[in-house]
Amino acid sequence: METPYVNIHTHRPTGRGLEPASVGIHPWDAAGADADSLCEALGRAQAVGEIGLDYLHPDREAQRRLFEQQLELAETAGMPVVLHCVKAFEPMMTLLGRFRLRAVIFHGFIGSPQQAARAVAAGYYLSFGPRSLRSPRTVQALATVPSERLFLETDDDPTPIESVYAEAARLLGLPLDRLREALYTNYLRIFT
């Protein structure tokens with residue numbers, strides 16, 4: 001059997017490869033939201049997400065409250081979380097440190113090599129997509145992430161996951177089959 005591609009976060013499921021289902025309330029929708037509404041939907045999901053903090057949007061306190069509620073749900077359910085983090089890396093790291101989570105995946109990571117190192121040191125995973133791979137600073141960060149802490153994704157981009165893998169393999173100087181095996185192993189570690 002050929003090793004499947006893992007698309008850790010997509011808004012455009014294709015049915016090809018592994019595309020874990022997640023449920024969560026996005027930080028853009030934090031005003032007036034309550035995580036209790038997610039309890040029923042968690043049974044149909046493999047992860048809690050896309051959740052987090054986005055400091056380019058207002059209502060930071062509402063975002064923080066909702067994020068904490070969803071982290072509590074994930075911790076109680078023993079589910080991994082898929083994070084949305086924009087201009088909020090430090091507050092997010094602080095909040096994450098308060099919980100015992102099955103796995104933490106920073107989706108669409110666009111950050112510095114230093115931030116990548118901190119997240120990896122905490123035991124978290126970083127996922128890179130088409131937008132990430134266009135940022136020179138983020139490509140530098142990608143090069144520092146051990147394959148045991150790496151995922152790839154399409155997010156809301158129409159680029160096929162196979163193309164994202166091919167570009168990441170090229171940037172990392174890795175054979176494509178080795179990259180696929182590493183990410184599949186990561187998927188199995190978290191979701192089985």
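Contact, for today, means heavy atoms within 4.5 Å. I'll use that a lot, so I wanted it out first. Right, the model: it's a predicted one, so local features need pLDDT of at least 70, side-chain atom pairs count only at pLDDT 80 or more, and totals for chains, interfaces and linings use all residues. Residues are numbered from 1 along each chain as its sequence is written, and side-chain values use heavy atoms, with hydrogens and water left out.

Let me start with Val145. You'll find Val145 in the loop between α4 (136–144) and β6; helices (H or I, at least four residues) and strands (E, at least two) are DSSP runs, numbered from the N terminus. Skip anything up to four places away in sequence, and Val145 touches Ala116, Val120, Leu126, Phe128 and Leu150. So is Val145 buried or exposed? Val145 is buried, because its relative accessibility is 8%, and buried means under 20% relative accessible area, exposed over 50%, partly exposed in between (1.4 Å probe, protein chains only). One distance to go with that: the C-alpha atoms of Val145 and Ser127 are separated by 10.0 Å, with the two positions 18 residues apart along the chain.

Compare Ala117, which sits in helix α3, residues 113–121. Ala117 counts as partly exposed because its relative accessibility is 42%. From the C-alpha of Ala117 to that of Glu40 is 36 Å, and these two are 77 residues apart along the chain.

Now, the pocket. Rolling a probe the size of a water molecule over the atoms shows where empty space is left. The bookkeeping goes like this: on a 1 Å grid over the protein atoms alone, a pocket is an open set of points where a 1.4 Å probe fits, with protein on both sides within 12 Å along at least five of seven lines, and lining residues have an atom within 4 Å of a point. Grid points are joined across faces, edges and corners, and the volume is the space filled by probe spheres set on the points.

On that basis the largest pocket holds about 700 Å³. Its lining has 32 residues, and nearest the centre are Cys85, Val86, Gly108, Ile110 and Arg131. Two elements give two or more residues to that lining, β2 (47–54) and β3 (81–86). Which element gives the most? That's β3, with four residues. By type, the lining has eleven nonpolar, eleven polar and ten charged residues. Here Ala, Val, Leu, Ile, Met, Phe, Trp, Tyr, Cys and Pro count as nonpolar, Asp, Glu, Lys and Arg as charged, and the others, Gly among them, as polar.

Stay on β3 for a moment, since His84 is in that strand. His84 is buried because its relative accessibility is 10%. Its side chain makes a polar contact of 2.8 Å with the side chain of Glu50, and there's another of 2.8 Å to the side chain of Asp54. A polar contact is a pair of N or O atoms within 3.5 Å; within protein, one must be able to donate a hydrogen and the other to accept it, and residues adjacent in sequence count only if both atoms are side-chain atoms. Beyond four places in sequence, the contacts of His84 include His26, Trp28, Met92 and His107.

Glu50 deserves a second look. Glu50 belongs to strand β2, and the peptide bond from Gly49 to Glu50 is cis, with omega near 5°.

What about the cysteines? Cys85 is partly exposed because its relative accessibility is 24%, and Cys39 is partly exposed because its relative accessible area is 43%. Taking a disulfide as a pair of cysteine sulfur atoms within 2.5 Å, the count comes to zero.

Two backbone oddities next. Lys87, in the loop between β3 and α2 (89–96), has a positive phi of about 55° although it is not a glycine. Lys87 is exposed because its relative accessible area is 65%. Asp155 also has a positive phi of about 55° without being a glycine, and Asp155 is in the loop between β6 and α5.

Thr154 is in the loop between β6 (150–152) and α5 (161–172). Thr154 is buried because its relative accessibility is 4%. Its side chain makes a polar contact of 2.9 Å with the side chain of Thr10. Leaving out neighbours within four places, its contacts include Asn7, His9, Pro130 and Val164. And that's my tour.
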